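Here's a quick tour of a model, with its helices, its pockets and a few loop residues along the way. Have a look at the fold first, then read on.

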Amino acid sequence: MHRSRLCALVIDCKTDDLDAATAFWSKAFGKPAAPPSPDNGNYRELTVGEDEPMILLQKVDHPSRVHLDIETDDIEAEVKRLEALGAKRVEFVKRWWVMEAPTGHRFCVVRPQRGPLESRVNTWNDEG
């Protein structure tokens, strides 16, 4: 058995000015930008409520797009569950899988981003 839930809306930005992109999306959503992380200059986060998915901006080299992140307490089990639904593995990056839905949409399967998965989660039986 494993658990998963929608974690984040990730706005992939092909830009040289991630701060300007963050300012736009912050104003568009009415969500203040969190201070930039000194650990990774390629990401910015908007401040959201605990009951809302995270909103992240990510500086990328590929064309701009939006993708979703699904967080899980068992990445391999969740990836296999999604493959059984028709998704494909695209690439393993650092600690997560980039997947492609049968519709062609990209999304990521990531480890828990907001602590343990205890509330508002889906519980899956790994036996099929």
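## Starting point: Gly30

Let's begin with Gly30, which sits in the loop between α1 (18–29) and β2 (43–46); helices here are DSSP runs of H or I with at least four residues, strands are E runs of at least two, and both are numbered from the N terminus. Gly30 comes right after α1 and has a positive phi, near 70 degrees. With 58% relative accessibility, Gly30 counts as exposed. The cut-offs for that: buried is under 20% relative accessible area, exposed is over 50%, and partly exposed is in between, using a 1.4 Å probe and protein chains only. Across the chain, the C-alpha atoms of Gly30 and Leu46 are 9.4 Å apart, with their positions 16 residues apart in sequence.

A word on the ground rules: this is a predicted model, where local features need pLDDT of at least 70 and side-chain atom pairs count only at pLDDT 80 or more, while totals for chains, interfaces and linings use all residues. Residues are numbered from 1 along each chain as its sequence is written, and side-chain values use heavy atoms, with hydrogens and water left out.

## Helix α1 and Leu18

How does the span of α1 compare with what its twelve residues should give at 1.5 Å a residue? The expected value is 16 Å and the end C-alpha atoms are 16 Å apart, so the two agree; the expected span is 1.5 Å times one less than the number of residues. Buried in α1 are Leu18, Ala21, Thr22 and Ser26. They cover an arc of only 135 degrees around the axis, so they sit on the same side of α1; the arc is taken from the directions running from the helix axis to the C-beta atoms. The general background is that an α-helix has 3.6 residues a turn, so residues three or four places apart point the same way. The buried residues of α1 pack against β1, β2 and β3, with contact meaning heavy atoms within 4.5 Å.

Leu18 makes a good close-up. Leu18 is buried, with a relative accessible area of 5%. Leaving aside neighbours within four places in sequence, Leu18 touches Cys13, Gly41, Asn42, Tyr43, Arg44, Leu57, Gln58 and Lys59. For Leu18 and Leu57, 39 residues apart along the chain, the C-alpha separation is 7.8 Å.

## Helix α2

Over in α2 (residues 75–84), the buried set is Ile75, Ala77, Glu78, Val79 and Leu82. Their cover includes β1, β4, β5, β6, β7 and β8 (122–124). After α2 comes Gly86, again with a positive phi, near 115 degrees.

## The two pockets

The largest pocket has a volume of about 970 Å³. Its lining takes in 35 residues, and Asn40, Tyr43, Leu56, Gln58 and Trp96 lie nearest its centre. Two or more lining residues come from each of β1 (2–13), β2, β3 (54–59), β4 (65–72), β5 (88–93), β6 (96–100) and β7 (106–110). By class, the lining of the largest pocket has 15 nonpolar, seven polar and 13 charged residues. Here Ala, Val, Leu, Ile, Met, Phe, Trp, Tyr, Cys and Pro count as nonpolar, Asp, Glu, Lys and Arg as charged, and the others, Gly among them, as polar.

For the record, a pocket is an open set of points on a 1 Å grid over the protein atoms alone, where a 1.4 Å probe fits and protein lies on both sides within 12 Å along at least five of seven lines; lining residues have an atom within 4 Å of a point. Points are joined across faces, edges and corners, and the volume is the space filled by probe spheres set on them. The second largest pocket holds about 240 Å³. Of its 13 lining residues, Arg5, Glu50, Glu71, Arg114 and Arg120 lie nearest the centre, and β1 gives the largest share of the lining, three residues. That lining has four nonpolar, one polar and eight charged residues.

## Other loop residues

Which residue other than glycine has a positive phi, near 55 degrees? That's Lys94, in the loop between β5 and β6. Lys94 is exposed, at 59% relative accessibility. As a rule, most residues other than glycine have a negative phi.

Gly49, in the loop between β2 and β3, is partly exposed at 25% relative accessibility. Gly49 and Lys31 are 18 residues apart in sequence and 9.6 Å apart C-alpha to C-alpha.
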